[in-house]
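Q: Could we go through this model together, so that I learn how to read a helix, a pocket and a hairpin from the coordinates?

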Amino acid sequence: MKNVSISDVRAFVLDQKGSGGDYHNREKGHWLVDTLIATPMSAYPEYRQSRTSFGLDVMNSIVVEVEASDGTVGVSAGQGGAPACYMIEKHFKRFLLGQDPRNLNKIWDQMFRASLFYGRKGVPLWALSAVDLALWDLLGLLRKEPVYQLIGGAIRDEIELYCTGIRPDVAKEAGFIGGKMPLPHGPADRRKGLSANVERFSEMRKRVGPDFLLMADCWMALDVSYAVELAYAMRALDLYWFEEVLPPDDFDGHKLLKERAPWMRWTTGEHEYTRYGFRKLIETRSVDILQPDVMWCGGLTELLRISAMAAAYDIPVVPHGSGVYSYHFVISQPHCPFCEYLNTSPDCLSFPPVFGDMFVDEQAPDGGRVRLTDASGWGLTLNREDLKLIRISI
């Protein structure tokens with residue numbers, strides 16, 4: 001590898017719907033108003049119909065570029081809009097300029113420690129994650145190797161996928177090993193809503209048959225008593241897991257779920273951050289499967305630390321979303337049995353690339369599986385001609 005240093009860092013807001021890391025920023029379809037979804041805002045009728053009604057799509061997608069002194073540019077998708085871009089250009093950039101791009105741990109540690117007074121979770125970690133992913137892309141390009149080779153190599157030839165969307169039955173026909181669909185109702189809908197939840201998942205179980213992995217996405221919308229009652233009401237449906245039923249900070253609640261319905265797989269982690277956030281979930285064995293999002297939790301550098309802790313307890317890790325970034329991680333980890341494919345098509349009848357038109361060569365699932373290439377870095381080429389990128393004036 002050449003002896004180079006980092007010469008520039010650039011962050012852009014992606015100003016268009018349908019592409020990028022913000023999965024909910026769509027023109028139409030099941031991510032908007034076509035499907036009733038339980039959320040933490042479900043108790044308020046005016047924000048009942050969709051996740052975007054209360055502003056989930058306001059934190060736009062971003063693009064981060066890290067350039068080396070020889071002109072090589074590492075690129076990543078991210079989320080956080082103008083606030084994340086401001087943090088990257090105004091704050092984090094100082095910890096990259098002039099650095100050897102191989103100093104991933106040092107750069108990560110300095111960004112994290114320097115932002116402790118306003119960071120630790122949320123948008124600051126989204127920004128840090130995007131920088132980290134761009135650094136890994138740059139390192140792979142400089143070494144002319146795919147990222148998964150940089151972190152230990154592949155342990156399998158291909159990755160089996162489950163599909164998140166509203167049509168698990170269609171996903172089964174396409175070859176996916178499982179399907180996860182949103183829970184429509186939460187505690188505010190009381191017994192009528194609970195019965196409607198059971199009815200919906202009962203109908204889908206009939207469509208997909210007994211051997212297909214059927215999961216429920218609860219998206220932080222429930223409380224302990226409702227979640228346990230729902231688990232017992234659906235026990236005969238043999239759901240593979242209940243995902244993220246509680247707010248992420250309710251660590252004691254997750255422990256109660258496992259005590260009161262020990263036969264059910266409980267999963268969470270999508271909205272948790274860094275190894276510190278996952279430590280208690282791991283140590284108390286409150287969760288059966290961890291689901292960190294590599295684009296949010298601190299990037300690949302931190303995901304590897306979270307993964308190592310989970311492996312010591314034999315807890316599987318199945319990352320949330322993030323497309324190819326998750327694929328490179330999963331294919332290298334023995335305790336990651338399969339991966340999520342997040343379906344962004346309007347009706348879930350097709351299976352497009354996760355990031356839409358953002359990259360010209362992003363792999364889409366083939367037969368419910370993905371087989372990685374040996375392309376350098378993340379194997380992604382930014383679609384510079386068709387994207388509307390806005391650099392925030394600092």
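Q: Which elements do the buried residues of α2 pack against?
A: In this predicted model, the buried residues of α2 pack against β1 (6-14), α3 (123-143), α9 (274-283) and α10 (299-312).

Q: Which residues of helix α2 are buried, and why do they lie on the same side?
A: An α-helix has 3.6 residues a turn, so residues three or four places apart point the same way. In α2, which spans residues 104-114, the buried residues are Leu-104, Ile-107, Trp-108, Met-111 and Phe-112. Because these residues cover an arc of only 125° around the axis, they are placed on the same side of α2, whereas Asn-105 and Arg-113, on the other side, are exposed.

Q: How should I read the largest pocket, and which residues lie nearest its centre?
A: Rolling a probe the size of a water molecule over the atoms shows where empty space is left. Here the largest pocket has a volume of about 320 Å³, and among its 25 lining residues His-24, Arg-51, Trp-219, Glu-270 and Trp-296 lie nearest the centre. The lining comprises 11 nonpolar, eight polar and six charged residues, and β5 (178-182) and β10 (339-342) each supply at least two residues, with β5 giving the most, three.

Q: How do β2 and β3 pair, and is strand β3 largely enclosed or open?
A: Strand β2 (residues 61-68) pairs with β3 in the antiparallel sense over seven bridges, with Glu-67 opposite Val-73 in β3. The two strands form a hairpin with four residues between them, and Gly-71 in the turn has a positive phi of about 95°. Six of the seven residues of β3 (residues 73-79) are buried, so this strand is largely enclosed by the rest of the structure.

Terms used: Residues numbered from 1 in each chain as written. Predicted model: local features only at pLDDT ≥ 70, side-chain atom pairs only at ≥ 80, totals over all residues. Heavy atoms only, no water. Buried < 20%, exposed > 50% of the residue type's maximum accessible area, 1.4 Å probe, protein only. Arc of directions from axis to C-beta. Contact = heavy atoms within 4.5 Å. 1 Å grid on protein atoms, 1.4 Å probe; cavity = no way out; pocket = protein on both sides within 12 Å on 5 of 7 lines; lining within 4 Å. Points joined across faces, edges and corners; volume = space filled by probe spheres on them. Nonpolar A, V, L, I, M, F, W, Y, C, P; charged D, E, K, R; others polar. Pairing = 2+ DSSP bridges.
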